Amino acid sequence: MKNKTIIITGATSGIGYEAAIELSRRGHSIIGIGSSTISCKRAAENSSKDFSGNTITFFPCDLSKHEEIYNLANLLYEKYEAINILVNNAGSIFLKKILTNEGIEKTFSVNYLGHFLFTRLMLNKIIASDNPKIINVSSVAYKNAQINDDDLIDPIRYSPMKVYRRSKLAQLLFTRYLGNELSDSRVIVVSMHPGIIATKILSRNERWGGTLTKLFKLIGKSPKKGAQTIIYLASATNNQLISKQYYVNSEIEQLLPHATNDEDAKILWDMSSKLCNLPSDLPQN
Ligand SMILES: NC(=O)c1ccc[n+]([C@@H]2O[C@H](COP(=O)([O-])OP(=O)(O)OC[C@H]3O[C@@H](n4cnc5c(N)ncnc54)[C@H](OP(=O)(O)O)[C@@H]3O)[C@@H](O)[C@H]2O)c1
């Protein structure tokens, strides 16, 4: 495969960081997104130590802030001629309810809606590139989630795992809808689950974050292992992959019916478009 330009959100830590390092090692040019200038600077320093010849450029963008997403998209359009692959990997779990500036529950906003907006803003650039691919990082946690709750935006009774599971189901329904919309194009849209991986995903919580992260270390595999399916999907040729499919351990796994429901996927798409002030219809290319 010729060298590609690959965006990885959440590339400053965990699974995204390891995927960025390995894909860089394989000669690709990596655009790594982190939530802040500080985390991007730290990741740039670490990546220089881990692989001195790395080709990762880090950009800060808090995916819970729509204005920052617009600014990043504009910057990337100016700076890069082509974007071949977008890996929507950033994610978090918040033990307490936080609402964003837009009044949206933050787990849903970071893990799903921010990626929805970013993908839509980057889509023309991706469509125009060679062998384009969009890889959405979901989770097996989707299995016990429901999307048609009326408290999606601002849940009254907050449960961290409930909103996390739901954000991951949203990633799958987004994959489904976008894959349907792009079925006549060359773009492959897939989703994946990385495994249970010992990362810092729970660390962004003041009181319990440290303790839970330590406990997670006891049961999770290494972030390097967690990055393998992303690396496989990013490295495969488009002919080797099937759009709208869900990959676990680099193989297709059948989704439960609620994650492939076209009606729910359309309702979520329309609602997300409204929340992001975008038209529901994609522009015809
Ligand atoms: N770990 C698991 O067992 C597991 C299982 C299934 C799925 N996943 C999924 O894997 C993905 C990666 O998570 P991880 O486990 O590698 O966790 P992690 O080590 O905590 O990495 C999360 C990444 O997301 C970024 N991020 C968090 N909030 C953000 C925001 N507001 N704006 C922009 N970026 C933000 C972080 O950036 P900063 O460091 O710059 O804040 C970091 O780079 C997530 O989507 C997660 O749901 C993980």
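**Why these words fit this predicted model**

Q: Why is Glu 45 called partly exposed?
A: In this predicted model, Glu 45 has a relative accessible area of 42%. Partly exposed lies between under 20%, which is buried, and over 50%, which is exposed, so Glu 45 counts as partly exposed.

Q: What makes Lys 41 exposed?
A: The relative accessible area of Lys 41 is 55%. Exposed means over 50%, so Lys 41 earns that word.

Q: How do you know that Glu 45 and Lys 41 meet in a salt bridge?
A: Their N to O distance is 3.7 Å. The cut-off is within 4 Å, so the pair qualifies as a salt bridge. Both residues lie in helix H2 (residues 37-50), four residues apart, which is about one turn of the helix.

Q: Why is Ser 24 called buried?
A: Ser 24 has 3% relative accessibility, and buried means under 20%, so Ser 24 counts as buried. Ser 24 sits in helix H1 (residues 14-25). Beyond its neighbours within four places in sequence, its contacts are Ile 30, Phe 51, Asn 54, Thr 55 and Ile 56.

Q: What makes Glu 22 and Arg 26 a salt bridge?
A: The closest N and O atoms of Glu 22 and Arg 26 are 2.9 Å apart. That falls within 4 Å, so the pair counts. Glu 22 is partly exposed at 23% relative accessibility, and Arg 26 is partly exposed at 43%. A network of salt bridges links Glu 22, Arg 25 and Arg 26.

Q: How do you know that Arg 176 forms a salt bridge with Asp 262?
A: The closest N and O atoms of this pair are 2.9 Å apart, and the cut-off is within 4 Å. The pair links distant parts of the chain, with Arg 176 in helix H5 (residues 160-181) and Asp 262 in helix H9 (residues 262-275), 86 residues apart. The structure holds nine salt bridges.

Q: Why is Lys 125 said to have no salt bridge?
A: The nearest side chain of opposite charge, Glu 81, is 7.7 Å away. A salt bridge needs a distance within 4 Å, so Lys 125 has none. Lys 125 is buried and belongs to helix H4 (residues 106-127). A polar atom of its side chain lies 2.5 Å from the backbone oxygen of Tyr 80.

Q: What makes Ile 196 partly exposed?
A: Ile 196 has 43% relative accessibility, between the limits of 20% and 50%, so partly exposed is the right term. Ile 196 is in the loop between strand E6 (188-193) and helix H6 (209-219). Together with Val 140, Leu 215, Leu 218 and Ile 219, Ile 196 forms a nonpolar surface patch of about 490 Å² accessible area.

How values were computed: Residues are numbered from 1 along each chain as its sequence is written. This is a predicted model: local features need pLDDT of at least 70, side-chain atom pairs count only at pLDDT 80 or more; totals for chains, interfaces and linings use all residues. Side-chain values use heavy atoms; hydrogens and water are left out. Patches are made of residues with over 30% relative accessible area and no salt bridge: like charges are joined within 9 Å, nonpolar side chains (Val, Leu, Ile, Met, Phe, Trp, Tyr) within 5 Å. Accessible areas come from the Shrake-Rupley method with a 1.4 Å probe; for residues, only the protein chains shown count as cover. Helices (H or I, at least four residues) and strands (E, at least two) are DSSP runs, numbered from the N terminus. Buried means under 20% relative accessible area, exposed over 50%, partly exposed in between (1.4 Å probe, protein chains only). Lys and Arg count as positive and Asp and Glu as negative; His and the chain ends are not counted. A polar contact is a pair of N or O atoms within 3.5 Å; within protein, one must be able to donate a hydrogen and the other to accept it, and residues adjacent in sequence count only if both atoms are side-chain atoms. Contact means heavy atoms within 4.5 Å.
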